[in-house]
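Subject: A structure for you to explore

Hi there,

Here is the structure I promised to pass on to you. Have a look at it first, and then read my notes below with the model open beside them.

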Protein chains: 2
Amino acid sequence: MKKKENRTAFVILGLLSHENLSGYQLKKQIDAGLKEFWSAGFGQLYPTLKELREKGLIEAVTEGGNKRGLTVFSITDAGRAALKEWLRKPVLQQTVKYDILLKLYFGAALKPEENLVKIDNFRKQAEMQMEKYAQYEQVLRSVLDDSDDHTYFLLTVLFGRKVTKATLEWAEESRQLLINLKKEKKEPER
Amino acid sequence: MKKKENRTAFVILGLLSHENLSGYQLKKQIDAGLKEFWSAGFGQLYPTLKELREKGLIEAVTEGGNKRGLTVFSITDAGRAALKEWLRKPVLQQTVKYDILLKLYFGAALKPEENLVKIDNFRKQAEMQMEKYAQYEQVLRSVLDDSDDHTYFLLTVLFGRKVTKATLEWAEESRQLLINLKKEKKEPER
DNA sequence: TGAAGCATGTAAGCAGTTACATGATTTC
DNA sequence: GAAATCATGTAACTGCTTACATGCTTCA
């Protein structure tokens with residue numbers, strides 16, 4: 001049976017390639033830097049850490065005199081090799097599952113008004129997202145020359161910004177289409 | 001324990017609200033009309049159909065004189081009610097997991113050239129996508145007044161088109177950023 | 001002293017994927 | 001007669017989420 005790649009394992013390896021971290025700190029890093037396109041719970045993180053350790057891809061280092069149970073991990077040479085191998089594998093096209101599109105596809109079962117509310121909520125979320133991206137971008141551009149990493153971080157932020165902006169435009173266009181649908185119902189067949 | 005909503009079940013209910021279908025036909029409909037934002041395998045479909053039947057949300061009808069084992073399903077009133085209830089539930093913001101962003105986030109571990117190839121492959125896929133969306137859009141606009149459904153189908157196509165176009169712009173901008181990174185390496189610190 | 005945050009972990013369960021098995025029908 | 005497609009289903013597994021358990025530290 002073809003083994004699926006556990007992407008969480010590679011996210012851990014990737015973050016540990018930047019700096020040594022504990023499980024808890026990994027979670028925080030993911031929530032801070034990757035939350036727009038990745039998420040991970042403790043229930044996934046801790047077992048994966050254990051697995052990576054057994055495979056010799058990471059080690060527990062517990063630096064700074066073992067302050068109450070904090071287990072800090074570092075990546076091994078084998079870990080770095082595994083990370084690079086994964087990074088080099090071509091990215092397969094994947095179906096991105098959007099709940100909003102799923103519900104709109106069957107939208108004719110509801111009134112246009114109800115779908116308009118859905119689109120409006122989506123728009124509001126996207127607007128809040130845009131503000132965050134603008135902040136991220138500003139910060140990253142100001143430290144862009146400090147490290148190659150920053151350019152790559154910026155790429156992911158730019159992606160989010162562009163895509164979110166596109167969804168805002170879509171929301172406006174969709175609003176118009178649904179308003180037209182409403183009008184046709186009021187004055188049918190002309 | 002809070003029960004997760006089995007979205008595949010609602011996709012089935014949604015499609016059956018349009019017309020009666022067998023498991024095999026459902027798979028084909030999903031691959032044809034929803035594949036840009038949803039996918040489902042037989043291993044998920046058949047057990048879910050069984051479950052929906054046990055709950056009384058769908059019925060086996062086997063119309064047209066039972067031609068060799070073809071089991072056609074229809075939605076019940078209870079099924080329609082369940083579908084509407086789900087459609088009305090607000091859509092929660094979800095993390096959309098993009099493998100390409102994950103890999104680019106850790107891109108500094110590779111050479112800029114390798115990441116450029118990644119972005120270029122992504123761009124090519126997006127370009128092919130765009131052609132499909134253009135075709136879908138043309139067809140749907142020509143039959144827009146035939147059914148309310150078509151407006152809602154069009155919304156999902158427009159979403160795909162806008163977002164894909166945004167990713168194309170992003171690919172171009174990203175290319176430039178990585179080319180700059182390459183140049184800086186050749187003439188460092190000036 | 002009590003809340004918030006730090007820190008690690010387990011158990012249960014669901015969604016979804018992959019591979020496999022089986023056989024009928026259609027088409028070249 | 002072979003290949004492609006139609007058609008249904010099961011078994012095994014993985015990835016991930018949710019809920020729960022536990023205890024320490026910091027700070028108002």
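A good place to start is A:Q44, where a polar side-chain atom lies 3.1 Å from a phosphate oxygen of DNA strand D. Please keep in mind as you read that this is a predicted model. A:Q44 is also among the residues that come nearest to strand D, along with A:K4, A:T8, B:Y24 and B:Y46, out of 25 residues around that strand.

Two backbone contacts to strand D are worth finding too. A polar backbone atom of A:N6 is 3.2 Å from a phosphate oxygen of DNA strand D. On the other protein chain, a polar backbone atom of B:T71 is 3.0 Å from a phosphate oxygen of this strand.

Which parts of DNA strand D come within 4 Å of the protein: sugar and phosphate, or bases? Of the strand D atoms within that distance, 70% belong to sugar or phosphate, and the rest belong to bases.

If you colour the model by helix, you can see where the surface near strand D comes from. Chain A supplies at least two residues from each of α1 (7-18) and α3, and chain B does so from each of α2 (23-33) and α3 (42-54). Sorted by class, the surface near DNA strand D has six nonpolar, 11 polar and eight charged residues.

Now turn to DNA strand C. This strand is surrounded by 25 residues, and the closest are A:Y24, A:Y46, A:T71, B:T8 and B:Q44. Sugar and phosphate make up 70% of the strand C atoms that come within 4 Å of the protein.

Here are three contacts to look up on strand C:

- A:K28 has a polar side-chain atom 3.5 Å from a phosphate oxygen of DNA strand C.
- B:S39 has a polar side-chain atom 3.4 Å from a phosphate oxygen of DNA strand C.
- B:N6 has a polar backbone atom 3.3 Å from a phosphate oxygen of DNA strand C.

The elements that give two or more residues to the surface near strand C are α2 (23-34) and α3 of chain A, together with α1 (7-18) and α3 of chain B. By class, the residues of this surface divide into six nonpolar, 11 polar and eight charged.

Two of the residues closest to strand C, A:Y24 and A:Y46, turn up again in another feature. Together with A:F42 they form a nonpolar patch on the surface, with about 320 Å² of accessible area in total. A:F42 lies in helix α3 (residues 42-54) of chain A. Is A:F42 buried or partly exposed? A:F42 counts as partly exposed because its relative accessible area is 33%, between the 20% and 50% cut-offs.

Next, the salt bridges. Side chains of opposite charge can pair when their charged atoms come close. How many salt bridges does the structure hold over all chains? There are 27.

One of them joins A:R123 to A:E127, with the closest N and O atoms 3.2 Å apart. Both residues lie in helix α6 (residues 112-142) of chain A, four residues apart, which is about one turn of the helix. A:R123 is partly exposed at 25% relative accessible area, and A:E127 is partly exposed at 35%. These two residues also belong to a network of salt bridges that links A:D120, A:R123, A:K124 and A:E127.

In chain B, look for B:R123 and B:E127, which form a salt bridge with their closest N and O atoms 3.2 Å apart. They lie in helix α6 (residues 112-142) of chain B, four residues apart, or about one turn of the helix. B:R123 is partly exposed at 24%, and B:E127 is partly exposed at 36%.

Another bridge in chain B brings together the side chains of B:K35 and B:E36, at 3.8 Å from N to O. B:K35 is partly exposed with a relative accessible area of 31%, and B:E36 is partly exposed with 23%.

Last, try A:S174 in helix α7 (residues 148-186) of chain A. A:S174 counts as buried because its relative accessibility is 0%, and buried means under 20%. A:S174 and A:L116 are 58 residues apart in sequence, and their C-alpha atoms are 8.4 Å apart in space.

Enjoy exploring!

Best wishes

Conventions:
Residues are numbered from 1 along each chain as its sequence is written. Chains are lettered from A and ligands numbered from 1 in the order in which they are written. This is a predicted model: local features need pLDDT of at least 70, side-chain atom pairs count only at pLDDT 80 or more; totals for chains, interfaces and linings use all residues. Side-chain values use heavy atoms; hydrogens and water are left out. Patches are made of residues with over 30% relative accessible area and no salt bridge: like charges are joined within 9 Å, nonpolar side chains (Val, Leu, Ile, Met, Phe, Trp, Tyr) within 5 Å. Accessible areas come from the Shrake-Rupley method with a 1.4 Å probe; for residues, only the protein chains shown count as cover. A salt bridge is a side-chain nitrogen of Lys or Arg within 4 Å of a carboxyl oxygen of Asp or Glu. Buried means under 20% relative accessible area, exposed over 50%, partly exposed in between (1.4 Å probe, protein chains only). A residue is near a molecule or strand if one of its heavy atoms lies within 4 Å of it. A polar contact is a pair of N or O atoms within 3.5 Å; within protein, one must be able to donate a hydrogen and the other to accept it, and residues adjacent in sequence count only if both atoms are side-chain atoms. Ala, Val, Leu, Ile, Met, Phe, Trp, Tyr, Cys and Pro count as nonpolar, Asp, Glu, Lys and Arg as charged, and the others, Gly among them, as polar.
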